[in-house]
Amino acid sequence: MQLTDNNNATPNPVAGLSSLEFLAFTLGKEEYGINIQRVQEIRGYEAVTRIANAPDFIKGVINLRGVIVPIVDMRIKFNLDNPAYDEFTVVIILHVCNRMIGMVIDSVSDVINLQQEQVKPAPDIGSLNSSHLIGVGTLDDRMLILIDIDKLISSSDMGLIEQLSE
């Protein structure tokens with residue numbers, strides 16, 4: 001059973017759970033977290049096959065052991081600085097919405113275990129679409145922007161799941 005947050009009446013993915021594990025990673029100067037259960041593997045960036053007319057943030061596809069996996073550059077999606085691709089660029093392979101998707105990020109930090117009371121609601125900022133945010137995780141002097149990767153990947157502005165099913 002998922003409880004709802006009184007502020008926005010949407011299901012709270014951490015409600016009722018005593019703790020959650022998040023994979024912490026960086027994009028630009030910020031630290032983010034995604035549910036570790038969605039992570040299949042972490043790999044270095046490799047050349048992709050471009051797809052005609054794909055949005056800029058979809059870099060292309062790779063063949064991962066016989067499965068064609070779209071690669072999304074989160075740095076482009078979140079309008080961060082011009083991304084550089086080198087031997088340190090990381091791709092997190094995720095299992096989301098019954099599909100495999102690769103997510104390009106700057107670096108992986110560690111796995112963080114957060115208690116429910118360490119997860120604060122996402123701030124309501126008018127111009128920010130926070131529908132794909134779980135909230136902000138606090139751990140000592142660190143703050144992680146917690147992403148509901150299922151909602152982000154299946155969101156209409158991303159359009160990735162619809163494109164894959166066509």
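The legends below accompany close-up views of a predicted model.

**Figure 1. Overall fold of the predicted model, with 3 helices and 11 strands.** Read from the N terminus, the elements follow the order β-β-β-β-β-α-β-β-β-β-β-β-α-α. Of the 166 residues in the protein, 40% count as buried, and the exposed surface comes to about 9,300 Å², with carbon and sulfur atoms supplying 48% of it. When contacts between residues at least 6 apart in sequence are considered, 53% of them join residues at least 24 apart.

**Figure 2. Surroundings of Val 69 in strand 5.** Val 69 counts as buried because its relative accessibility is 0%, the cut-off for that class being under 20%. Once its neighbours within four places in sequence are set aside, Val 69 is in contact with Gly 60, Val 61, Ile 62, Leu 64, Ile 93, Met 100, Ile 101 and Gly 102. A further distance can be read from the backbone: the C-alpha atoms of Val 69 and Val 48 are separated by 9.7 Å, with their positions 21 residues apart along the chain.

**Figure 3. Surroundings of Asp 73, a buried charged residue.** Asp 73 belongs to strand 5, which covers residues 67–73. With a relative accessibility of 0%, Asp 73 falls under the 20% limit and is therefore classed as buried. Apart from neighbours within four places in sequence, the residues in contact with Asp 73 are Phe 57, Lys 59, Pro 83, Tyr 85 and Val 104.

**Figure 4. The largest cavity and its lining.** Rolling a probe the size of a water molecule over the atoms shows where empty space is left. In this model the count comes to 1 cavity of 30 Å³ or more, and the space in the largest cavity is about 30 Å³. Its lining is made up of Arg 43, Gly 44, Tyr 45, Glu 46, Val 48, Ile 62, Ile 71 and Val 91, a set that divides into 5 nonpolar, 1 polar and 2 charged residues. Two of these lining residues, Arg 43 and Glu 46, also take part in the salt-bridge network of Figure 6.

**Figure 5. The salt bridge between Glu 31 and Arg 142.** Side chains of opposite charge can pair when their charged atoms come close. The whole structure holds 8 salt bridges, and in the one shown here the side chains of Glu 31 and Arg 142 meet with an N to O distance of 2.4 Å. The pair links distant parts of the chain, since Glu 31 lies in strand 2 (residues 30–35) and Arg 142 in strand 11 (residues 142–147), 111 residues apart. Glu 31 has a relative accessible area of 15% and is therefore buried, whereas Arg 142, at 23%, counts as partly exposed.

**Figure 6. A salt-bridge network of Glu 41, Arg 43, Glu 46 and Arg 65.** Within this network, Glu 41 forms a salt bridge with Arg 43, their closest N and O atoms being 3.2 Å apart. Glu 41 is buried because its relative accessible area is 18%, with the limit for that class set at under 20%, while Arg 43, at 22%, is partly exposed. Arg 65, by contrast, counts as exposed at 60% relative accessibility, and its place is in the loop between strand 4 (58–64) and strand 5.

**Figure 7. The salt bridge between Arg 75 and Asp 106.** The two side chains meet at 3.1 Å, N to O. This pair, too, links distant parts of the chain: Arg 75 is in helix 1 (residues 74–77), and Asp 106 is in the loop between strand 7 (99–105) and strand 8 (107–115), 31 residues apart. Arg 75 is buried, its relative accessible area being 4%, whereas Asp 106, at 27%, counts as partly exposed.

**Figure 8. Positive phi at Arg 65 and Asp 140.** Most residues other than glycine have a negative phi, and most peptide bonds are trans. Arg 65, although not a glycine, has a positive phi of about 50°, and Asp 140, likewise a residue other than glycine, has a positive phi near 55°. Asp 140 is found in the loop between strand 10 (133–139) and strand 11, where its relative accessible area of 79% places Asp 140 among the exposed residues.

Definitions and conventions. Residues are numbered from 1 along each chain as its sequence is written. This is a predicted model: local features need pLDDT of at least 70, side-chain atom pairs count only at pLDDT 80 or more; totals for chains, interfaces and linings use all residues. Side-chain values use heavy atoms; hydrogens and water are left out. Helices (H or I, at least four residues) and strands (E, at least two) are DSSP runs, numbered from the N terminus. Buried means under 20% relative accessible area, exposed over 50%, partly exposed in between (1.4 Å probe, protein chains only). Contact means heavy atoms within 4.5 Å. On a 1 Å grid over the protein atoms alone, a cavity is a set of points where a 1.4 Å probe fits but cannot get out, and a pocket is an open set with protein on both sides within 12 Å along at least five of seven lines; lining residues have an atom within 4 Å of a point. Grid points are joined across faces, edges and corners, and a volume is the space filled by probe spheres set on the points. Accessible areas come from the Shrake-Rupley method with a 1.4 Å probe; for residues, only the protein chains shown count as cover. A salt bridge is a side-chain nitrogen of Lys or Arg within 4 Å of a carboxyl oxygen of Asp or Glu.
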